[in-house]
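Open the model in your viewer and keep a selection box at hand. The tour below moves from one site to the next, saying what to select and what is found there.

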Amino acid sequence: MTAYFKNIDKIKYEGKGSENPLAFKYYNSDEKIGGKTMKEHLRFAVAYWHTYQGTGADPFGPGTAVRPWDNIQDPMEIAKAKVAANFELCEKLGVPFFCFHDRDIAPEASTLHETNRNLDEIVALIKEYMKTSEVKLLWGTANAFSNPRYVHGASTSCNANVFAYAAAQVKKAMEVTKELGGQNYVFWGGREGYETLLNTDMKLELDNLGRFLQMAVDYAKEIGFDGQFLIEPKPKEPTKHQYDFDTATVIGFLKTHGLDKYFKMNIEANHATLAAHTFQHELRVSRINNMLGSIDANQGDLLLGWDTDQFPTNIYETTLAMYEVLKAGGFTSGGLNFDAKLRRGSFEADDLVYAHIAGMDAFAKGLKIAYKIIEDGKIDDFIKARYASYETGIGLDIANGKVGFKELEKYALENDQIKNNSGRQELLENILNGYMF
Ligand code: XUL
Ligand code: CO
């Protein structure tokens, strides 16, 4: 069997003192953190699109990536090489999952019929690999945004034939995800949004999006796909205004269309910051609504206003993210999918390995610190004490819905000398630093 990452052996944990760049400093897969191993907590996944499809092309120049399949010509042979490379990379990194769009794993042909045949052939090959590998599919999705037919969107296109085509594509992608034992199915908006209201029937587009998701729910029942449906919010890019703007918007949309019980969120760090939120904010909104499903693990650059999809190395961010995941009770079907790409200057295949090691170590360290924060309880105790006024007296009556404006007015007239306590933000930030360093 051809090895695509020839210079790389299985990446091992060597600990903090190690100077080996091809070893983990923090990610120790079998180490237990509060009764679960790191592997069980973190559930890492490799993203097929960036890792095998990404070339480093940008609007100013072509791709720079040097990849072992560069000299293969036939698109189906390239696709097969990437399947082999995927299992090799996941196994060498000890990453238990991967994720894909339909068009990442198999090339599109000139008819939908042929395209589906290509997909079937590659899916059969992936199934073969899965027989002897422990690597599993975290989630599948459909790329209903790259092909020019999706110029005006997919389920929100003004063209009903495009809606139908997208439905056929998602139907097939769901079947394939089920066939490969995918634990989730993701809907990211793609081009579901608009550029100008001058040409847009927003109400019809949103209703069509709702109808489309309902069809997906119905079809999942029909074929017995019991994976979790996830929606991945993003505020802009590619369209100026994406309908799945952020978690709060998506939850409102799902409730309006009676779909909220079927979906959870797939929160991507860079999408959160594009929405002018923090990563932790989006995770918190999902968690308190019992909708934290999975994470697209990456980071943006706060100096740039687009989706840079960098590998996550910021330990503050990974710590606060893992704090939310632990508080949510951990992942069930979800995990940490590295929806992240190499910088254009990092063009060698080995950079893929360094990048994943960096991301895995950053989340392992974040997990350890987050666990310490929760176990120690200082921050949680502070928050609890801050809201103690709702645990007795008038506060408890408010929380229990026992009082209205009239009772509260009577209370306020008798208690109008208000005393507030400090929010102690800087003290808490220093406490957080104490856990980190
Ligand atoms: C785009 C993005 C997608 C989704 C899957 O910004 O994040 O790759 O994760 O379609
Ligand atoms: Co993503």
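Start with ligand 1, since the space it takes is the largest pocket. Keep in mind throughout that this is a predicted model.

**Stop one: the ligand and its shell**

Select ligand 1 together with Trp49, His101, Trp139, Trp188, Glu232, Lys234, Glu268, His271, Asp296, Asp307 and Asp339, which are the residues around it. Colour this shell by residue class, and it divides into 3 nonpolar, 2 polar and 6 charged residues.

Now show the side chains of three acidic residues from that shell and look at the oxygen atoms of the ligand. A polar side-chain atom of Glu232 is found 2.7 Å from an oxygen atom of ligand 1, while for Asp296 the distance between a side-chain N or O atom and a ligand oxygen is 2.9 Å. Asp307 also places a polar side-chain atom at 3.0 Å from an oxygen atom of ligand 1. Of the 290 Å² of accessible area that ligand 1 has on its own, the protein covers 93%.

**Stop two: the pocket as a whole**

Hide the ligand and display the pocket, which holds about 1,200 Å³ of space. Its lining counts 49 residues, and those closest to the centre are His50, Ala57, Asp307, Asp309 and Lys341; Asp307 is thus one to keep selected from the previous stop, where its side chain was seen at 3.0 Å from a ligand oxygen.

Next, select helix 2 (48-53), strand 7 (136-141), strand 8 and helix 12 (349-376), the elements that give two or more residues to this lining. Among the contributors, helix 2 gives the most, with 4 residues. By class, the lining of the largest pocket is made up of 18 nonpolar, 16 polar and 15 charged residues.

**Stop three: the closed spaces**

How many cavities of 30 Å³ or more does the structure hold? There are 2 of them, and the largest has a volume of about 210 Å³. To find it, select Phe187, Trp188, Gly189, Glu192 and Phe212, which are the closest to its centre among the 20 residues of its lining. Trp188 was already on display as one of the residues around ligand 1.

Add helix 6 (160-179), strand 8 (184-188) and helix 7 (202-223), each of which supplies at least two residues of the lining of this cavity. The largest share, 4 residues, comes from strand 8. The lining of the largest cavity divides into 14 nonpolar, 4 polar and 2 charged residues.

The second largest cavity has a volume of about 40 Å³. Its lining includes Lys234, Glu268 and His271, and these three also belong to the residues around ligand 1. Strand 12 (263-268) and helix 9 (269-274) are the elements that give two or more residues to the lining of the second largest cavity, whose classes are 6 nonpolar, 1 polar and 4 charged.

**Stop four: the second largest pocket**

Finally, centre the view on Arg386, Ser389, Ile418, Lys419 and Asn420, which lie nearest the centre of the second largest pocket, itself lined by 20 residues. About 690 Å³ of space lies in this pocket. Helix 13 (378-386), helix 14 (393-399) and helix 15 (405-414) are the elements to select here, as they give two or more residues to its lining. The lining of the second largest pocket divides into 10 nonpolar, 8 polar and 2 charged residues.

How values were computed
Residues numbered from 1 in each chain as written. Chains lettered and ligands numbered in written order. Predicted model: local features only at pLDDT ≥ 70, side-chain atom pairs only at ≥ 80, totals over all residues. Heavy atoms only, no water. Near = heavy atom within 4 Å. Polar contact = N/O pair within 3.5 Å; in protein donor to acceptor, adjacent residues only side chain to side chain. Areas by Shrake-Rupley, 256 points an atom, 1.4 Å probe, with all protein chains shown as cover. 1 Å grid on protein atoms, 1.4 Å probe; cavity = no way out; pocket = protein on both sides within 12 Å on 5 of 7 lines; lining within 4 Å. Sits in = over half its atoms within 2 Å of the grid points. Nonpolar A, V, L, I, M, F, W, Y, C, P; charged D, E, K, R; others polar. Points joined across faces, edges and corners; volume = space filled by probe spheres on them.
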